[in-house]
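Let's take a walk through this structure together, starting with a sheet and the helices around it, then moving on to a pair of helices.

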Amino acid sequence: MLHPRILPNVLARRQPQLNRRQFLFAAGMVGTVMVVGCSSDAPSDSAATPPATDATTNAGPSPFAAYVGIAADGTVTVYSSQFDMGQNAYHGLATLVAEELDVPLTRVRVEGRAGNPKWYGNAMMGGAFQLTGGSSSMMTSWDRYRQAGAIAREMLKAAAAKQFGVSAAELEAADGKITHAASKQSADYGTLAAAAAALPVPADVALKPAAAWTLIGKDSTARIDSVPKSTGKLEFTIDTRLPGMVFATMLHSPRFGGTVKSVDDQAARAVPGVTDVVTVSRGVAVVATNTWAALQGRKALKVEWDFSAAETRSTDALYAELEKAAAGPGKSALNRGDAAAALGKAKQVIEADYRFPYLAHAALEPLNAIAHRDGDTLHLYGGLQMPDAVQGACAAIAGVPPEAVALHVKQTGGGFGRRAVPDCDVFVEVVEIAKAIQFRAPVLLQWSREADMAGGRYRPIHVHRVRVGIDADGQISGWQHHVAGQSIFAGGPFEGMMKDGIDPSSIEGIDDTPYALPDLSLEVSRLESKVPVLWWRSVGHTHTAYVMETMIDEIASATGQDPVALRLKLLPAGARQRAVLEKAAAEAGWSNPVAAGRYRGVAVHQSFGSFVATVAEVSKQADGSIKVERCVVASDCGLVINPDIVRAQIAGGTGFGLGAVLGEQLQIADGGAVQQNYDGYRPLRLVDMPEVVVHMLPSAEKPTGIGECAVPPIGPAVANAIFQATGKRLRHLPYRQA
């Protein structure tokens, strides 16, 4: 979600006031004796509660503050600016700190932190806003977390030097201890931490050279959360319990854009356990002493809705509008050369229309959040992908300053973009509910699966119309491309990033195509709809890569060229797409005949700073259906920190993208969502998961995104393989229509 090229300027404009915290190197945290940079009033749990005053903001604190703490028992705690939704950002940050600090990963734990963009701001997004998104966790953390670990190491050395009566230059740090070989003196980090905390923070430290790395790039590190996840001990928001907590669930309008007209809550209030029924901005909430009672109370509600401003159209009607728009003129997004003239001279013209449906995020853990007001402080617990926005929005509702909103970061069972909502939907709801019951108890708002799937926000619906000319020499002579769809940015806080009414996320992957297309025109038309839309894993690349890479394949077929060879011919020398394409093709045995009954397709794409090529191998079953058997994926995501996590992200992204092209679609009927649960909405089933073989290209470049870049190429690679198997071009997604 959230393309990095889009956000920095937007976020800079929305930069929160940074004068909220005092960060110094200090000691005295509860259970922690050394914290690199955290103030002594820093919280001891995952809540980054801002201090009440800000008298020393200009004291010149270390930029490496707030990232590392060392307890008396030697346990190292890494304070993560990145929210973990299962993508293993925590393990990546732990690796960076442990490497520089020379401590075993088994002694490192990670806590999520939020509430101070000055320290946790996403560097890839301009640094003014804390955000987990755009596959930027390692990109934004690569420098700062290694430096934090190195600073802590040097301060521990300085403390040991004083204690041993030797020069710090004679000391070695290894395995969580500082050792002086000549005198055979040593001390572990826990015993040195308090003394180290009293020393000045060094302004500059040397990072370990790559040749000395023992963790970065190695395949031998066990993930730090494998055991608590496997044993069920890792606490998610849904597991969190606070004293006196009450439980709430929501009833939303069955049509997008509908509002509450009247409520008959007599039957709901009669359900044992139900304590309150309150109307909030997006619907009606039922509050109870337990979740089951809240759900039963919701069933008993009788709500009359005002649909005067609601959506009423169906999917077919929306497609019809988009196809009409795509057939006519749109707003010009790119006009390189003279595509129309080139097409006029073409010997052959290929025309194609594509349909891409709304897609739900369909994460395993439905949306939830907790609100609790304790005196003047509002505590919020949940999956905080955009914590600054949550802090501001909820403070306004509760009537407290943003500094009085304490954020408790909880792990979450999946997100894929759904938990980075600018209007902070579930957090706003839970605070509205808590306020409605006079903040008398902590409130856990838990959406049902049905509310989660039918309550929006979705990958926007799109239609593409493409015309490509081919000249007498078999060369591409003109490319006209029209994208018609609903905008993520229009009408929201990111609207300022639109240029001439064009949402940049709708054309990423086309306007920056690396292919040599001298005569290329790109137009955009926008659909107005009440259906809420949002970034979905890999955002616009989910549909633009599909069109570009299936069209290139179609051109190769029409001109009798090998699909890999054509791509290499169109890619400029030095393009990083070339290396991954060649690697995937070689590892898949592209130059050799495919096994009997198997068919291959290929695609290559860049997104989030990384490059991925996929060769998909499919088979045709006896009943005529297609099975995706194997995918060979080559990636260049810069320097690899944890190879096993990269493999997992590539395989996961491949499965995620495959599920979308095979069977996912959120249909709209009479202005509301048709699919309500996994029985109607089909993310990839285990039986459909192919073998995925991942190859990582060696690189000395800084790490780039890995969470989303495998999603775009799998769809077109499979589509191109299916063409080899059936002779059919699949342009209306998903393949398996309900």
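In this predicted model, a good place to begin is helix α4, residues 137-164, which lies across strands β5, β6 and β7. The helix runs at about 130 degrees to β5. A second helix, α5 (residues 189-197), packs on the sheet as well and touches β5, β6 and β7. The direction of α5 makes about 85 degrees with that of β7.

Now look at the sheet itself. Strands of a sheet pair through backbone hydrogen bonds, either parallel or antiparallel. Here three strands form an open sheet, ordered β5-β6-β7, and their pairing is antiparallel. At the edges you will find β5 (171-174) and β7 (185-188), each of which pairs on one side only. On average, neighbouring strands of this sheet are turned by 20 degrees against each other, direction ignored. If you zoom in on β6, residues 177-180, you can follow its antiparallel pairing with β7 over four bridges. One residue to pick out is Thr-179, whose bridge partner in β7 is Ser-186.

Next, move along the chain to another pair of helices. Helix α14 (residues 541-558) packs with helix α18 (residues 711-726) at an angle of about 35 degrees, and their axes are 8 Å apart. Their crossing is right-handed. On the α14 side, the contact residues include His-541, Ala-545, Tyr-546 and Glu-549. From α18, the contributors include Val-711, Pro-712, Gly-715 and Phe-723. What kinds of residues make up the contact of α14 with α18? They divide into seven nonpolar, six polar and two charged.

Terms used. Residues numbered from 1 in each chain as written. Predicted model: local features only at pLDDT ≥ 70, side-chain atom pairs only at ≥ 80, totals over all residues. Heavy atoms only, no water. Pairing = 2+ DSSP bridges. Helix = DSSP H or I, 4+ residues; strand = E, 2+ residues; numbered from the N terminus. Axes fitted to C-alpha atoms, helices over the stretch in contact; angles between N-to-C directions. Contact = heavy atoms within 4.5 Å. Left-handed = near helix turned anticlockwise from the far one by under 90°. Nonpolar A, V, L, I, M, F, W, Y, C, P; charged D, E, K, R; others polar.
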